[in-house]
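Dear colleague,

I am handing over the structure below, and I would be glad if you looked through it with the notes that follow beside you.

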Amino acid sequence: MTNKHIDNDQILIIFCLIDDIIKAMGWKGDKQQRMSDSEVLTVACIAHQYFSGDYQVTLSFLKTTDQSLFKNLLSKSRFIRRLHRFLDLLSQLLSILSGIKR
């Protein structure tokens, strides 16, 4: 099930919030990564908030929309492997984001 009611501004806001939160937590990503940790977490949060947690549908949706937001989207397999590093952090981010009024 896709929800096309999300726009680039909403995605950008989610990204900025996540990026600021993980930087405030002292998170340091690997500079050699093509897709940043903030981008991976943003895609995961978008999947949970708008696509019932379906990462494949979310990645496909993002690939078919504006390419300027996520230029280096990962395959589903690689995305899931990267996401496993953040399972505890992801639940905290989802909780924070759900508390923000839209």
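**What was found**

Ile-13 is found in helix H1, and in this predicted model Ile-13 counts as exposed because its relative accessibility of 51% lies over the 50% cut-off. Together with Leu-17, Ile-96 and Ile-100, Ile-13 makes a nonpolar surface patch of about 320 Å².

**Salt bridges**

The count of salt bridges comes to 2, and I take them one after the other.

In one of them, Lys-23 pairs with Asp-19, and the closest N and O atoms are 2.9 Å apart. Both of these residues belong to helix H1, which covers residues 8-24, and they sit 4 residues apart, or about one turn of the helix. The two partners fall into opposite classes of accessibility: Lys-23 counts as exposed, with a relative accessibility of 56%, whereas Asp-19 counts as buried, because its 15% is under the 20% cut-off.

The other salt bridge is formed by Arg-82 with Asp-37, where the closest N and O atoms are 2.8 Å apart. This pair links distant parts of the chain, since Arg-82 lies in helix H4 (residues 76-83) and Asp-37 in helix H2 (residues 37-50), with their positions 45 residues apart in the numbering. Is each partner of this bridge buried or exposed? Arg-82 is buried, with a relative accessible area of 8%, and Asp-37 is buried as well, with a relative accessible area of 6%; both values are under 20%, and therefore both residues fall in the buried class.

**The largest pocket**

The largest pocket has a volume of about 240 Å³, and 13 residues line it, of which Asp-19, Lys-23, Gly-29, Ser-36 and Ser-38 lie nearest its centre. Asp-19 and Lys-23, the two partners of the salt bridge within helix H1, are thus met again here, among the residues nearest the centre of the pocket.

Which helices supply at least two residues each to this lining? They are H1 and H2, and H1 gives the most, with 4 residues. Sorted by class, the lining holds 6 charged, 4 polar and 3 nonpolar residues.

When you open the model, you might begin with helix H1, as it holds Ile-13 of the nonpolar patch, both partners of the bridge between Lys-23 and Asp-19, and 4 residues of the pocket lining.

With best regards

How values were computed. Residues numbered from 1 in each chain as written. Predicted model: local features only at pLDDT ≥ 70, side-chain atom pairs only at ≥ 80, totals over all residues. Heavy atoms only, no water. Salt bridge = Lys/Arg side-chain N within 4 Å of Asp/Glu carboxyl O. Buried < 20%, exposed > 50% of the residue type's maximum accessible area, 1.4 Å probe, protein only. Patch = residues over 30% accessible without salt bridge, like charges linked within 9 Å, V, L, I, M, F, W, Y side chains within 5 Å. Areas by Shrake-Rupley, 256 points an atom, 1.4 Å probe, with all protein chains shown as cover. 1 Å grid on protein atoms, 1.4 Å probe; cavity = no way out; pocket = protein on both sides within 12 Å on 5 of 7 lines; lining within 4 Å. Points joined across faces, edges and corners; volume = space filled by probe spheres on them. Nonpolar A, V, L, I, M, F, W, Y, C, P; charged D, E, K, R; others polar.
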